[in-house]
Amino acid sequence: MRLLTFFILASFATVAVSSTKAPAETTPAPGALSELMTRLQLQHAKLWFAGKLSNWGLASDEIQQIDRNLETAGNLLSDRSRLAVTKDRLQAVNEAILQKDGPAFTKAYSALTNDCNGCHRTSGFASITIEVPVRPPVSNQLFVDQLTEGRALAHASCGTCHVVDDAARQTPASRPAAPSFLEIANRPSFSADDLRQFLASSHRRLGPDQAMPNPRLADYQIEAIVAYLETLKAASGR
Ligand code: HEC
Ligand code: HEC
């Protein structure tokens with residue numbers, strides 16, 4: 001909806017600008033468009049991995065940034081009206097994200113990518129060809145939704161003994177049940193670092209009767225569970 005409003009406002013703006021302003025009035029800094037496009041390139045790639053990995057929150061952030069960047073880019077283009085098509089493509093991707101619809105996302109993303117190139121061709125930059133990315137654009141950012149992963153993992157590998165989130169609906173098989181995650185996260189002594197260490201060790205200190213087996217998690221799984229427990233703490237602290 002917001003995108004559509006943008007589009008309508010943008011078309012009005014085009015009419016107003018072309019009829020009143022002399023073209024030389026706002027000379028953009030040299031290279032400004034190129035810089036914006038380079039940012040757009042990164043956001044376009046991040047959007048792909050966020051959507052493919054169903055991280056809809058991140059995908060939505062990227063869409064909004066792309067939208068803002070395109071708006072700014074529009075002011076630097078000689079023919080702003082070409083943007084309307086791109087905004088439609090962007091709107092379709094946004095729709096798929098809101099619906100959390102993977103196949104629709106793939107299709108709409110591909111149409112958006114074709115449109116990047118469509119504008120490049122009509123602007124005299126046919127040599128700049130954008131593709132659906134093969135590898136993540138950076139190695140220092142997770143594109144999966146860590147919290148969703150953490151919650152799923154906790155249910156799958158801890159839920160037999162611990163109450164993972166909603167105490168009323170869960171009855172762990174083990175008797176006596178281990179402390180619930182809500183309780184653990186809200187202990188004054190709770191710290192992410194201790195939890196990391198605990199999950200990577202074999203828990204001898206818990207004693208022979210009640211010792212918890214080493215869950216044998218990989219580092220990224222430990223991080224997902226730590227993130228999940230931290231939100232349990234945050235949620236009840238509000
Ligand atoms: C409305 C027109 C238009 C659309 C839509 C558009 N571009 Fe561009 N793009 C341009 C123009 C014009 C240039 C050349 C800028 C220059 O070099 O001055 C460009 C250049 C680029 C460059 C080269 C930047 C550099 O200097 O290295 C990249 C990368 C790029 N665009 C990515 C994208 C991506 C990704 C999309 C789609 C999400 C996209 N563009 C959509 C007009 C557009
Ligand atoms: C086979 C049963 C079992 C499974 C599976 C299990 N736990 Fe436990 N866990 C326990 C028991 C029992 C305790 C309580 C031991 C005690 O306090 O002496 C415990 C305690 C803990 C504690 C508190 C440690 C402390 O310092 O008091 C944490 C944190 C914890 N578990 C996390 C996990 C996580 C995360 C998973 C899944 C990856 C998991 N557990 C899987 C049985 C289990």
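The questions and answers below concern a predicted model of a protein with ligands.

Q: How many helices and strands does the protein have?
A: Read along the sequence, the pattern is α-α-α-α-α-α-α-α-α. No strand interrupts this pattern, and the count is 9 helices and 0 strands.

Q: Are helices α3 and α4 roughly parallel or roughly antiparallel?
A: Helix α3 covers residues 56-76 and helix α4 residues 83-98, and their axes lie 10 Å apart. The angle between the two helices is about 170°. Angles over 145 degrees count as roughly antiparallel. Therefore α3 and α4 are roughly antiparallel.

Q: Which class, nonpolar, polar or charged, has 9 residues in the contact of α3 with α4?
A: From α3, the residues that meet α4 include Trp 56, Ile 63 and Leu 70. Among their counterparts in α4 are Leu 83, Leu 90 and Val 93. The contact has 4 polar residues and 1 charged residue, and the class with 9 is nonpolar.

Q: Which element gives the largest share of the shell around ligand 2?
A: There are 20 residues around ligand 2, and the nearest are Cys 158, Cys 161, Ala 178, Met 212 and Pro 215. Two or more residues come from each of α6 (146-158) and α8 (192-199). The largest share is 3 residues, and the element that gives it is α8.

Q: How many charged residues does the shell around ligand 2 have?
A: By class, 14 residues of this shell are nonpolar and 6 are polar. The number of charged residues in the shell around ligand 2 is none.

Q: What percentage of the residues in the protein is buried?
A: Buried residues have 20 or more other C-beta atoms within 10 Å of their own. Of the 238 residues in the protein, the buried share is 22%.

Key: Residues are numbered from 1 along each chain as its sequence is written. Chains are lettered from A and ligands numbered from 1 in the order in which they are written. This is a predicted model: local features need pLDDT of at least 70, side-chain atom pairs count only at pLDDT 80 or more; totals for chains, interfaces and linings use all residues. A residue is near a molecule or strand if its C-beta atom, placed from the backbone, lies within 6 Å of it. Helices (H or I, at least four residues) and strands (E, at least two) are DSSP runs, numbered from the N terminus. Ala, Val, Leu, Ile, Met, Phe, Trp, Tyr, Cys and Pro count as nonpolar, Asp, Glu, Lys and Arg as charged, and the others, Gly among them, as polar. A residue is buried if 20 or more other C-beta atoms lie within 10 Å of its own, exposed if 12 or fewer, and partly exposed in between; C-beta atoms are placed from the backbone. Axes are lines fitted to C-alpha atoms, for helices over the stretch in contact, and angles run from 0 to 180 degrees between N-to-C directions. Angles under 35 degrees count as roughly parallel, over 145 as roughly antiparallel, 65 to 115 as roughly perpendicular and the rest as oblique. Two residues are in contact if their C-beta atoms, placed from the backbone, lie within 7 Å.
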